[in-house]
Amino acid sequence: MQDEKRKTVPGPQGNPQRPLAPAAFALEETYRATRLPVDQASTLIPDAYTSSEFHALELERVFARSWVPVCVTDEVAEPGRYVVVEVAGRSLIVCRNREGELRAHHNVCRHRGTRLCEAETGTVERFFQCPYHAWAYDLDGVLLGTPLFTLEAGIPVDQEDAFDISGVRSFDKADYGLHPVRVESWGCLVFVCLDDEVSPLSEELGDLPERLAGYRLAEQRLLRRVEYEIAANWKLVGENFMEYYHLPWVHPGLVRVSPLKAHHRWQGTGMYIGFCTSLIAANTDDGGWQGLPALSTLDEDDASSARFAWLFPNVALNALPNHTFLMLTRPTAAGWTKEVTYLLSHPESIAGAGESIEEEAAALLAFWDEVNREDIAIVERVQQGVIDPAYTGGRMCYRFEEPVHRFQNMVIDRMLGLRRVPAGDALQQQPMFPVVG
Ligand code: FES
Ligand SMILES: [Fe+2]
């Protein structure tokens, strides 16, 4: 009976019956219903949100083969600062070297494989030192020495003879540096990429840096960092971000600041999903974005809009005239996500706020926290629903869910080993759907 079900093929519309065999996750026909044009398409197969086999394959095919955002530049601002992050199951050290350049290394000692750094963040005074046999590596990952080679690492003077290495053959420290990982930054974000074949970050980002140039993201400073544990798959968090179909029901307060009719497509070419609110409304009794002074160098369009982009695979960027809010979603299991949010602002806005900066930052954070908690509550309910084997996926609401369709097809591409950057719209900005009547 089980095997019968597993052989079920999709009809012209709708996804295959569940459960799917894990081998199906790498087959184009499994996704046939999501590959249809958005007005006919069904949502991604529910196993993509619930199956541990899908999750494992997704880590390898999506996260190990993409530029993955890992932190903001301010978290590794000074030489010696480092953060430890997990990408596709690999623990990585991301740091700034003595010359001020970003570096990333696998967090694994080249001797017997011990994890080098345990703390999530820290500062290296001289070198990373393995806790097992004290091999030491500099910020560039170069193996500096071991107790075999140097007496600096705490060897008692009366035992120095025992560490004479004159008899060691075929060992060159240069061969045993930390395994490096590609690292780049754009704006206020730091990205790593585990795959040497993937195009440079700038190619993946497409026209997004140009679209967001006015916000001077690279100069923005970190004001607050807050973590959330979410009992839902990371894609549900992303898909919820990129559609505002849910606004009237989930965010009755937000919809007054960000009304449906003010939303526009803002989609260029690149591995991102973009939209905007234009004109962005003033604060209401429920709060809003205003408070900090806006950046004075924005052009008229940017100064009266909020720009939203989901950078594939896993970060939401909200650019407002006076601050930026980022939501970085890290998959920790098929049904679990660790979300790290960052509130940033330009030094000009921060200076403009003067002594009330703490108050303004707290008010903005409270605004985002409320919206975020409303979103988390609903995506956790989605997670509870999609587990039910009776659910095989639903129809897209084409007026609002083209961004979700775009994202899900990017995921499918990567699951199938396809690399392509979807084209954008001809217009910089346009209504999400034609005005009826
Ligand atoms: S495992 Fe790191 S020094 Fe031995
Ligand atoms: Fe929402």
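## Report on a predicted two-domain chain

Ile230 stands opposite Thr337, a residue of strand β17. That pair belongs to a set of nine bridges that hold β11 (residues 221-230) and β17 together in the antiparallel sense. The structure is a predicted model, and its strand β17 is a good place to start.

### Around strand β17

Strand β17 covers residues 336-345. How many of its 10 residues are buried? Eight are, so the strand counts as mostly covered. Besides β11, β17 also pairs with β16 (residues 324-333). This second pairing is antiparallel too, and nine bridges make it up. One of the β16 residues, Phe325, has Leu343 of β17 as its bridge partner. β16 and β17 form a hairpin, with two residues between the strands.

In a regular strand the side chains alternate between the two faces of the sheet.

### Helix α7

Helix α7 runs over residues 234-242. Is it buried or exposed? Nine of its nine residues are buried, so the rest of the structure largely encloses it. The buried set includes hydrophobic names such as Trp234, Leu236, Val237, Phe241 and Met242. Lys235, Glu239 and Asn240 are on the buried list as well, and so is Gly238. A residue is called buried here when 20 or more other C-beta atoms lie within 10 Å of its own.### A small three-stranded sheet

β6, β7 and β8 make an open sheet of three strands, in the order β6-β7-β8. The pairing is antiparallel. Which strands stand at the edges? They are β6 (128-129) and β8 (143-145). Each has a single partner strand, so one side of each is left without a neighbour in the sheet. Strand β7 (residues 136-137) is joined to β8 by two bridges. Tyr137 has Leu143 of β8 as its bridge partner.

### Unusual backbone points

Most residues other than glycine have a negative phi, and most peptide bonds are trans. The table lists four exceptions.

| Site | Backbone feature | Place |
|---|---|---|
| Arg18 to Pro19 | cis, omega near 0 degrees | Pro19: loop between α1 (2-6) and α2 (32-35) |
| Phe312 to Pro313 | cis, omega about 5 degrees | Pro313: loop between β14 (305-311) and β15 (315-319) |
| Ala88 | positive phi, about 50 degrees | loop between β2 (81-87) and β3 (90-96) |
| Ala134 | positive phi, about 70 degrees | loop between β6 and β7 |

The two alanines can be taken in turn. Ala88 has 20 other C-beta atoms within 10 Å, so it is buried. Ala134 has 18 C-beta neighbours inside 10 Å and therefore counts as partly exposed. Ala134 also belongs with the small sheet, as its loop links β6 and β7.

### Two domains

The domain assignment gives domain 1 as residues 68-182 and domain 2 as residues 214-431. Their centres, taken over C-alpha atoms, are 36 Å apart. How many residues does each domain bring to the contact? Domain 1 brings four and domain 2 brings nine. On the domain 1 side, three of the residues are nonpolar and one is charged. That side has no polar residues.

### The whole chain

The chain holds 13 helices and 18 strands. Its C-alpha trace spans about 90 × 70 × 35 Å along the principal axes. The radius of gyration is 24 Å. A compact globule of 437 residues would have a value near 22 Å, so the two agree. Of the 437 residues, 41% count as buried. Take the contacts between residues at least 6 apart in sequence: 66% of them join residues at least 24 apart.

### Confidence

The mean pLDDT of the chain is 91. A value of 70 or more is reached by 91% of the residues. Where does pLDDT stay under 50? It does so over residues 1-12. For this stretch the model has 14 contacts beyond four places in sequence.

Notes
Residues are numbered from 1 along each chain as its sequence is written. Chains are lettered from A and ligands numbered from 1 in the order in which they are written. This is a predicted model: local features need pLDDT of at least 70, side-chain atom pairs count only at pLDDT 80 or more; totals for chains, interfaces and linings use all residues. Two strands pair if DSSP finds at least two bridges between them. Helices (H or I, at least four residues) and strands (E, at least two) are DSSP runs, numbered from the N terminus. A residue is buried if 20 or more other C-beta atoms lie within 10 Å of its own, exposed if 12 or fewer, and partly exposed in between; C-beta atoms are placed from the backbone. Domain bounds come from an automatic or database domain assignment. Two residues are in contact if their C-beta atoms, placed from the backbone, lie within 7 Å. Ala, Val, Leu, Ile, Met, Phe, Trp, Tyr, Cys and Pro count as nonpolar, Asp, Glu, Lys and Arg as charged, and the others, Gly among them, as polar. pLDDT is the predictor's confidence in each residue, from 0 to 100. The radius of gyration is taken over C-alpha atoms; the globule rule is 2.2 Å times the number of residues to the power 0.38.
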